[in-house]
Structures are given as C-alpha cells and as structure tokens.
Amino acid sequence: MTKYMIDKFMRAVEMSDDAVSRYVADPAGFVDEWLAGGGTPDLPTDDRVLTPEERDAFAAVDHAALYALGAHPYLLWHFIEAAHTHEFGDGFGWRDLVERYRADVAPHGHVDYIP
C-alpha cells in the first residue's frame, strides 16, 4: 500500500506547476503539508501515509532512495525531471540530469515497484 502512496505523492507534485514550485522551494515543508492535507489518523479514509524513510527521501529529493523504495520508474523520472528543471542552465541540462539519474539508480538494479 505504501508504494501506492509514493506514486500518489509524486503524481500530486508533478501534475501541478504550483505544487512543483512549492516542493522545490521547501521539499520537507511541502511533504508535511501534503501529509497533513489528508486528514488525521482519526479519519478512516485518510490514506496519506508515508513511512519515515519515504518521507525523508521526499524531503531530501533523493531519487535513488525513492527508486530503492519502489517508486514506479515512469512516475519517478517525471517527478525528478519536474523537481530539477530549475537547475538547468549553463553547464547542466536535461542530458546531464538523465545521466545523474541513471548513475544514482543503477546500483539498485531492478526493484520491485509493484505494490
């Protein structure tokens, strides 16, 4: 179930320019805000739950950790692309991000991302 929440969080960020901006400005704050937005533990329908390890990976924008935790590769790439586009400039571009992403996730091999 928690892998679903990893994917759900990434989609929530990636699908909104405003969410991307707020996440990039304060990843940890955005994660906490997103988690709090789902209600409280008293609400049985609240499904916004991440493990501490997952929350920390999002707060650190750690794509290698998210990959190892089972983030869906397709969603993860688009999430990372959205979260790092602001870094593009002289000497760093899309191809550099692809290579950095590959180098960071390759040690984890093919992870089990099916929830």
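Is E33 buried, partly exposed or exposed? Select E33 in this predicted model: its relative accessibility is 47%, so E33 counts as partly exposed.

**Stop 1: R22 and E33**

Keep E33 on screen and add R22. The two form a salt bridge, with 2.5 Å between the closest N and O atoms. R22 sits in helix α2 and E33 in helix α3, so this pair ties together parts that are eleven residues apart in sequence. R22 has a relative accessible area of 34% and is therefore partly exposed. In total, the structure holds seven salt bridges.

**Stop 2: helix α7 and the loop before it**

Next, select R102 and E99. Their side chains meet in a salt bridge, 3.4 Å from N to O. R102 and E99 are separated by about one helical turn, because they are three residues apart in helix α7. R102, at 48% relative accessibility, counts as partly exposed, and E99 counts as partly exposed at 39%. With E33 still displayed, add D18: salt bridges that share partners join D18, R22 and E33 into one network.

Now move to R100 and E87, whose side chains meet in a salt bridge at 3.3 Å, N to O. R100 lies in helix α7, whereas E87 is in the loop between α6 and α7, so the pair ties together parts 13 residues apart in sequence. R100 is partly exposed at 30% relative accessibility, and E87 is partly exposed at 32%.

**Stop 3: H63**

From R100, go to H63, which lies in helix α5 (residues 63-68). Its relative accessibility is 5%, so H63 counts as buried. Which residues does H63 contact, leaving aside its neighbours within four places in sequence? They are L76, I80, H84, R100, Y101, D104 and V105. For a distance check, pick the C-alpha atoms of H63 and F79: they are 9.0 Å apart in space, and the residues are 16 apart in sequence.

Step back to V61, in the loop between α4 (52-59) and α5. V61 is not a glycine, yet it has a positive phi of about 50°.

**Stop 4: the aromatic rings**

A pair of aromatic rings is described by the distance of the centres and the angle of the planes. The count for this model comes to eleven aromatic pairs. Select F9 and F79: this pair is edge-to-face, 6.4 Å centre to centre with 65° between the planes. F9 belongs to helix α1 (residues 2-14) and F79 to helix α6 (residues 73-84), so the pair links distant parts of the chain, 70 residues apart. Both F9 and F79 are buried.

Swap F9 for F58. The ring centres of F58 and F79 are 5.7 Å apart and the planes stand at 90°, so this pair is edge-to-face. It too links distant parts of the chain, F58 being in helix α4 and F79 in helix α6, 21 residues apart. F58 has 0% relative accessibility and so counts as buried; F79 counts as buried at 0%.

Extend the selection to F9, Y23, F30, W34, F58 and F79, which form one aromatic cluster. Beyond four places in sequence, F9 touches Y23, F30, V31, W34, F58 and F79.

**Stop 5: the nonpolar core**

In soluble globular proteins, nonpolar side chains tend to be buried together. The largest nonpolar core here has 31 residues, and those touching the most other members are I6, F9, Y23, F58, L66, L76 and F79. Colour by helix to end the tour: α1, α2 (17-25), α3 (27-36), α4, α5, α6 and α7 (94-105) each supply at least two residues of this core.

How values were computed:
Residues numbered from 1 in each chain as written. Predicted model: local features only at pLDDT ≥ 70, side-chain atom pairs only at ≥ 80, totals over all residues. Heavy atoms only, no water. Helix = DSSP H or I, 4+ residues; strand = E, 2+ residues; numbered from the N terminus. Buried < 20%, exposed > 50% of the residue type's maximum accessible area, 1.4 Å probe, protein only. Contact = heavy atoms within 4.5 Å. Phe/Tyr/Trp six-rings, centres within 6.5 Å; stacked < 30°, edge-to-face > 60°. Core = buried A, V, L, I, M, F, W, Y, C linked by side-chain atoms within 4.5 Å. Salt bridge = Lys/Arg side-chain N within 4 Å of Asp/Glu carboxyl O.
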